[in-house]
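Me: Could you take a close look at the sheet in this model, and then follow the chain outward from there? I would like one connected account rather than a list.

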Amino acid sequence: MPEENITRISLDGKELILIGTAHVSRQSAEQVKEVIERERPDSVCIELDEQRYQSVMDSNKYKETDIFKVIKDKKATFLLMNLAISSFQNRLAKQFDIKPGQEMIQGIESAKEIGANLVLADRNIQITFSRIWGNLGLSGKAQLLNAIFFSIFSKETISEDELEKMKSQDTLNAALAEFTEAFPKLKTPLIDERDQYLAQKIKDAPGNKIVAVLGAAHVQGITKEIHKEHDLMALSQTPPKSIVPKIIGWAVPLLIIAIIAYTFIANPSAGFDQAISWFLWTGSLAAVGAAVAFGHPLAVLSAFVAAPFTALHPLIAAGWVSGIVQAYIRRPNIGDFETLSEDVFSIKGFWDNKVTRVLLVVVLTNLGGSLGTFIGGADVIRVFFNNL
């Protein structure tokens with residue numbers, strides 16, 4: 001590949017060599033190998049964080065990860081986003097017979113061959129996702145989850161023009177490119193902040209000669225940011241959560257409880273009718289949702305029992321309860337996620353995949369429970385006004 005893909009910077013007695021790679025190009029890996037062997041740097045920086053590095057080095061360990069533990073550790077959103085990116089990569093690999101990220105693997109191998117220090121220079125991907133999530137409002141979050149969900153099951157092919165455009169982006173940028181255009185604020189955590197983080201890690205790398213293997217889209221930003229000092233701790237903090245959704249989330253359930261309690265005091269018979277109506281509407285419709293998803297009978301039962309209570313608690317959803325029960329009985333692992341792109345092409349595969357089944361149970365239970373909350377809440381208010 002031409003020398004124009006290489007940027008050389010002299011900074012504080014150090015020689016920094018930035019290789020702008022194309023993550024979906026075979027030639028990039030060849031250039032990485034050639035440059036590292038020729039320059040023999042003291043350190044090689046690669047655009048990976050610890051989690052992605054471990055996935056590259058031990059793919060079997062990743063496949064055997066217990067998804068239930070992931071949900072229990074509250075990393076479900078992170079895993080869902082990661083799944084979307086993996087699905088995106090798999091479609092690229094299948095359509096163009098390309099292995100995305102091969103240049104990073106080559107950087108790791110070449111660094112070991114010459115005895116250079118290996119520096120994982122990118123920010124933790126979960127922190128990046130958290131900061132992306134924090135820049136979205138409620139509608140933006142719904143749109144992002146919707147886009148992610150449909151991207152997992154998308155059968156769309158990628159045109160040659162789109163492929164050429166992606167050659168100047170890293171995998172994360174490419175996967176979220178369309179959404180970033182719709183929400184310009186996401187450019188800051190997705191690209192700008194990572195440019196700053198990468199720049200600081202590169203110039204802090206040990207030795208006097210550093211080679212950095214980077215997505216071409218980051219080279220310009222890093223070239224600018226590398227002359228400044230950046231606080232890695234500040235860039236690694238998760239954003240504070242807004243208190244407004246929390247207030248609304250607690251206020252509505254408290255209002256329902258207060259209405260039922262007041263009606264009980266004023267007219268115990270009417271209050272009892274309110275409580276029964278609430279339990280039946282929320283519980284029954286949540287259970288119907290789990291049943292439509294062909295959830296295990298215990299998952300359906302748990303949806304019925306949990307919904308009347310979770311509807312009054314903003315931190316718990318009935319779908320989580322039924323989904324956990326479903327996962328306990330028929331527990332999926334990461335291997336099930338990896339077969340999603342193939343399984344969803346057939347009805348049998350769609351229903352047999354344990355991940356898809358859990359997702360259906362969660363989504364349809366929550367959908368049914370939400371409908372039940374709306375109808376049950378309306379009935380509670382109706383009885384309240386009838387007994388004023």
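**The sheet and its surroundings**

Reply: In this predicted model, five strands make up an open sheet of mixed pairing, and their order across the sheet is E1-E2-E5-E3-E4. The edges are taken by strand E1 (6–11) and strand E4 (117–120); each has a single partner strand, so one side of each is left without a neighbour in the sheet. From one strand to the next, the twist averages 20 degrees.

At the E1 edge, strand E1 and strand E2 (residues 14–21) run antiparallel and are joined by six bridges, and within this pair Ser-10 stands opposite Glu-15 in E2. Helix H12 (residues 187–203) packs on the sheet, where it touches E1, E2, strand E3 (43–46), E4 and E5, and the direction of H12 makes about 160 degrees with that of E5.

The loop between E1 and E2 holds Asp-12, a residue other than glycine whose phi nevertheless has a positive value, near 50 degrees. Asp-12 has a relative accessibility of 76% and therefore counts as exposed, the cut-off for that class being over 50%.

Strand E5 (residues 209–215) contains Leu-214, and here the accessibility is of the opposite kind: at 1% relative accessibility Leu-214 counts as buried, because the limit for that class is under 20%. The C-alpha atom of Leu-214 is separated by 8.4 Å from that of Cys-45, although the two residues are 169 apart along the chain.

Further along the chain, a pair of helices can be described in similar detail. Helix H16 (residues 268–292) and helix H22 (residues 354–386) have axes that come within 7 Å and cross at roughly 165 degrees. Since angles over 145 degrees are classed in this way, H16 and H22 are therefore roughly antiparallel to each other. The crossing in which H16 passes H22 is right-handed, and the contact between these two helices comprises, by class, 13 nonpolar, 11 polar and one charged residues.

The loop between H16 and helix H17 (297–310) includes Phe-294, which is again a residue other than glycine with a positive phi, in this case near 55 degrees. With a relative accessible area of 54%, Phe-294 is exposed.

Conventions: Residues numbered from 1 in each chain as written. Predicted model: local features only at pLDDT ≥ 70, side-chain atom pairs only at ≥ 80, totals over all residues. Heavy atoms only, no water. Helix = DSSP H or I, 4+ residues; strand = E, 2+ residues; numbered from the N terminus. Buried < 20%, exposed > 50% of the residue type's maximum accessible area, 1.4 Å probe, protein only. Pairing = 2+ DSSP bridges. Axes fitted to C-alpha atoms, helices over the stretch in contact; angles between N-to-C directions. Contact = heavy atoms within 4.5 Å. Parallel < 35°, antiparallel > 145°, perpendicular 65-115°, else oblique. Left-handed = near helix turned anticlockwise from the far one by under 90°. Nonpolar A, V, L, I, M, F, W, Y, C, P; charged D, E, K, R; others polar.
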